[in-house]
Amino acid sequence: MVEIKPLSCIEPIEIEALLDAAFGGDRFQRTAYRLREGAMAIGDLSFAAFCNGRLVGTLQSWPIMHIAENGENRPLIMVGPVAVMPDAQGMGVGRTLMCSLLSAAESAADAALMMIGDPDYYGRFFGFTADATAEWVMPGPVERHRLLARPVNGHLPPAVVGRIVPGCAVP
C-alpha cells in the first residue's frame, strides 16, 4: 500500500538521498536540473510516497517558461523528477505519484505540464506526447522524442518555436 503525502512534509536531506539512490550523483549534469536551478518546487504539485512508513518515492513539479519567438510566452509546469527507490521500483509507486499529480493538477495547475521522460510509458498511461515540443529549445541536450507535454485545465502546451527557461511564478 502506497501512502501519498505533500513533499513539504519531508526533510530536504531525505529527498536528496532518495534522488541520489534513484538517479546517482551525476544527476546534476542533466538538462532538467538546469531548468530547476534556483527555483522552488510547486508545493501543491509535489508529493512523497511511503510504503510501511518508509519514504520510497518523490515527484516534484517546477515553474518554467516557454519564451516564444512570436511573443506568445507561456508558463509551463515541469514535472520531475519522478524518483523511486531502486528496491521499490515495479511496485506502482511512480504511477501512484503521477496519478496524485494529475488529480491535483486538475484543480491547482494554471499551465500545461511538460516533462522529459519515456514517451511510451508517460504517453500510454498519462497522456503526455511530443506533439507540441518539436520546436522547443532546451538549455542543454535532450532526446527530442523524450520531451513531452500535456494539456491541463484547458491550458495547451505551445506548439511554436521557443526557448524553455527556468522559473516564473506559476500559481
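Let's start at V79 in this predicted model. Setting aside neighbours within four places in sequence, V79 is in contact with L59, Q60 and S61, with M98 and L101, with L113, M114 and M115, and with F128. V79 also stands out in the largest nonpolar core, a set of 40 residues: together with L45, V93, M98, Y122 and F128, V79 touches the most other members. Many parts of the fold feed this core, since at least two residues each come from α1 (12–23), β2 (47–51), β3 (54–68), β4 (74–84), α3 (93–108), β5 (112–116) and α4. The biggest share is that of α3, which gives 7 residues. Apart from this core lies another, of 13 residues, and its members include W62, L76, W136 and L147. As background, nonpolar side chains in soluble globular proteins tend to be buried together.

L147 brings us to another place worth a visit, T133. You will find T133 in the loop between α4 (119–126) and β6 (136–137). Is T133 buried or exposed? T133 has a relative accessible area of 1%, and because the limit for buried is under 20%, T133 counts as buried. Its side chain reaches the backbone oxygen of A130 at 3.2 Å. Not counting residues up to four places away in sequence, T133 touches R144, L147, L148 and A149.

Now step back along the chain to helix α4 and its rings. The structure holds 6 aromatic pairs. In one of them, the ring centres of Y121 and Y122 are 5.0 Å apart and the planes stand at 85°, so this pair is edge-to-face. How do the two tyrosines fare in terms of accessibility? Y121 is partly exposed, at 23% relative accessible area, whereas Y122 counts as buried, at 12%. Y121 also pairs with F125, and here the arrangement is tilted, with 5.2 Å from centre to centre and 55° between the planes. Both Y121 and F125 belong to helix α4, where they sit 4 residues apart, about one turn of the helix. F125 itself is partly exposed, with a relative accessibility of 35%. Follow the ring pairs further and you will see Y121, Y122, F125, F126 and F128 linked into a cluster. Two members of that cluster, Y122 and F128, we have already met among the residues that touch the most other members of the largest core.

Rings have charged company here as well. R95 lies over the face of F125, at 3.8 Å from the ring centre. Elsewhere, the charged end of K5 sits over the ring of F50, 4.9 Å from its centre.

Right after F50 in the numbering comes C51, which leads to the last stop, the cysteines. How many disulfides does a search of the whole structure find? The search finds 0. Why is C51 without a bond to C99? The closest cysteine sulfur to that of C51 is in C99, and at 15 Å it is too far for a bond, because a disulfide needs the two sulfur atoms within 2.5 Å. C99 is likewise in no disulfide, its nearest cysteine sulfur being that of C51. As for their surroundings, C51 counts as buried, at 12% relative accessibility, while C99 is partly exposed, with a relative accessible area of 44%.

Methods:
Residues numbered from 1 in each chain as written. Predicted model: local features only at pLDDT ≥ 70, side-chain atom pairs only at ≥ 80, totals over all residues. Heavy atoms only, no water. Buried < 20%, exposed > 50% of the residue type's maximum accessible area, 1.4 Å probe, protein only. Polar contact = N/O pair within 3.5 Å; in protein donor to acceptor, adjacent residues only side chain to side chain. Contact = heavy atoms within 4.5 Å. Core = buried A, V, L, I, M, F, W, Y, C linked by side-chain atoms within 4.5 Å. Phe/Tyr/Trp six-rings, centres within 6.5 Å; stacked < 30°, edge-to-face > 60°. Lys NZ or Arg CZ within 6 Å of the ring centre and 35° of its normal.
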